[in-house]
Amino acid sequence: MKDFEYFAPKTVEEALPLLSRYKGEAKIIAGGQSLLVVMRQGLIAPEYVVDIKGIADLDYLAYDEREGLRIGALTTHRTIEKSPIVQKHFKALSEMETNLATIQTRNWGTIGGNLCHGDPAGDPAPVLMALGAKLKMKSLSGERIVAVEDFSKDLLEVDLGEDEMLIEIRVPVPRPRTGVAHEKLMAMQGDAGIVGAAVALTLKPGEDVCEDARIVVSNAASVPLRAKEAEKRLMGKVIDDTLLAQAGDVASEEVDPPSDVHATAEYRREMVKVFVRRAAARAFEKAKRMGH
Ligand SMILES: Cc1cc2nc3c(=O)[nH]c(=O)nc-3n(C[C@H](O)[C@H](O)[C@H](O)COP(=O)(O)OP(=O)(O)OC[C@H]3O[C@@H](n4cnc5c(N)ncnc54)[C@H](O)[C@@H]3O)c2cc1C
């Protein structure tokens, strides 16, 4: 690995001037679970590394019945998984975290680092997209908010300026009768998903009619992908097993999966059918019970 100069700011106010001064030459490191992999592979070789892991102010979870959940960018996967607030109000998020990597990686890797790495196989982005979450970014020029849905641009490319930091993830309170579920195909527990699917379904009061649907598929395109045609297939209809299977079939036509050592594109397409259907079926059951 090429030598680099190392900084360890303790506040956002200390970190931002460093990113501005060394714009284009500096790289943020949080837990290092993804960054060090690409640095060791020689894919990137920053002159300056800004270690933000010590910024305690960005490690928090806060819930408000109106505003929803706010997650500091440096909150670890393990903290989210184990949080009673998340388990009570956003069960799908803690379920997703339980299947993400190993406990060691979850203990050190951060939700912000996961999103900023921009891996289309990442698990948090699809669930956050299904939940309609937004990101707060900050630089010396100010703050901006971007929907998680608009954040991924291409393989390992996200909408993040070279002098910007992700500060916070904001997850709105789901509407009543909304169920959210995440499913991923793993060769072994904790493996990156060969494909994954996150589904949020909202039902009409007192009926099994779909009022709103968000279906997001991971590792089946260069970015986490909303399967909008599959969503349309559910809207306004009474949900049953046949309809959910149709939604899976439609989603499998919308994706553009890669072939790699883990699976062929054809296999991934087949698995999108199965995993969208499964996630949607669980989301439906949760919605009927009013769960999130
Ligand atoms: C063995 C193993 C298994 C894994 N399995 C899974 C899995 O099943 N599912 C899954 O989703 N992920 C998996 N991962 C990926 C990993 O968990 C995440 O990518 C990790 O959480 C990244 O967080 P980090 O804090 O370590 O980020 P880092 O590696 O420190 O940073 C990653 C990228 O984000 C940038 N960055 C970090 N924080 C910020 C910020 N606040 N603002 C701006 N840019 C920032 C960095 O510059 C870098 O480009 C696995 C990783 C390993 C090592």
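## Polar contacts with the ligand

A polar contact here is a pair of N or O atoms within 3.5 Å. With that cut-off in hand, take D191: one of its polar backbone atoms sits 3.4 Å from an oxygen atom of the ligand. Keep in mind that this is a predicted model.

D191 has company. A polar backbone atom of A101 is 3.2 Å from an oxygen atom of the ligand, and for G31 the distance between a backbone N or O atom and a ligand oxygen atom is 2.7 Å. How much of the ligand does the protein bury? The answer is 87% of the 990 Å² that the ligand exposes when taken alone.

## The shell around the ligand

Step back from the single contacts and you find 31 residues surrounding the ligand, with I28, S34, L35, H77 and T110 the closest. By class, the shell around the ligand splits into 14 nonpolar, 13 polar and four charged residues.

Which element gives the largest share of this shell? That would be α7, with four residues. Helix α7 covers 111-117, and along with β2 (26-29) and β10 (165-171) it belongs to the elements that each put at least two residues into the shell.

## A cavity lined partly by α7

Now for the enclosed space. Searching the whole structure turns up one cavity of 30 Å³ or more. The volume of the largest cavity is about 60 Å³.

Its lining is made up of N114, L115, G118, D119, G122, A125, V148, F151 and S152. Helix α7 turns up again here: α7 and α9 (148-151) each supply at least two of the lining residues. Sorted by class, the lining of the largest cavity has four nonpolar residues, four polar ones and one charged.

## The second largest pocket

There is open space to look at too. The second largest pocket has a volume of about 540 Å³, and 25 residues line it. Nearest its centre are D119, A121, N219, D260 and H262. D119 is worth a second glance, as it also lines the largest cavity.

As for the make-up of this pocket's lining, 13 residues are nonpolar, eight are polar and four are charged.

## Aromatic pairs

Finally, the rings. The count of aromatic pairs comes to four. Why does the pair of Y22 and Y48 count as stacked? Planes under 30 degrees apart count as stacked, and the rings of Y22 and Y48 have their planes at 20°, with centres 3.8 Å apart, so this pair is stacked.

Where do the two partners lie? Y22 is in the loop between α1 (12-21) and β2, while Y48 is in strand β3 (residues 48-51), so the pair ties together parts that are 26 residues apart in sequence. The β2 at the end of that loop is one of the elements that supply at least two residues of the ligand shell.

Key:
Residues numbered from 1 in each chain as written. Predicted model: local features only at pLDDT ≥ 70, side-chain atom pairs only at ≥ 80, totals over all residues. Heavy atoms only, no water. Near = heavy atom within 4 Å. Polar contact = N/O pair within 3.5 Å; in protein donor to acceptor, adjacent residues only side chain to side chain. Areas by Shrake-Rupley, 256 points an atom, 1.4 Å probe, with all protein chains shown as cover. Nonpolar A, V, L, I, M, F, W, Y, C, P; charged D, E, K, R; others polar. 1 Å grid on protein atoms, 1.4 Å probe; cavity = no way out; pocket = protein on both sides within 12 Å on 5 of 7 lines; lining within 4 Å. Points joined across faces, edges and corners; volume = space filled by probe spheres on them. Phe/Tyr/Trp six-rings, centres within 6.5 Å; stacked < 30°, edge-to-face > 60°.
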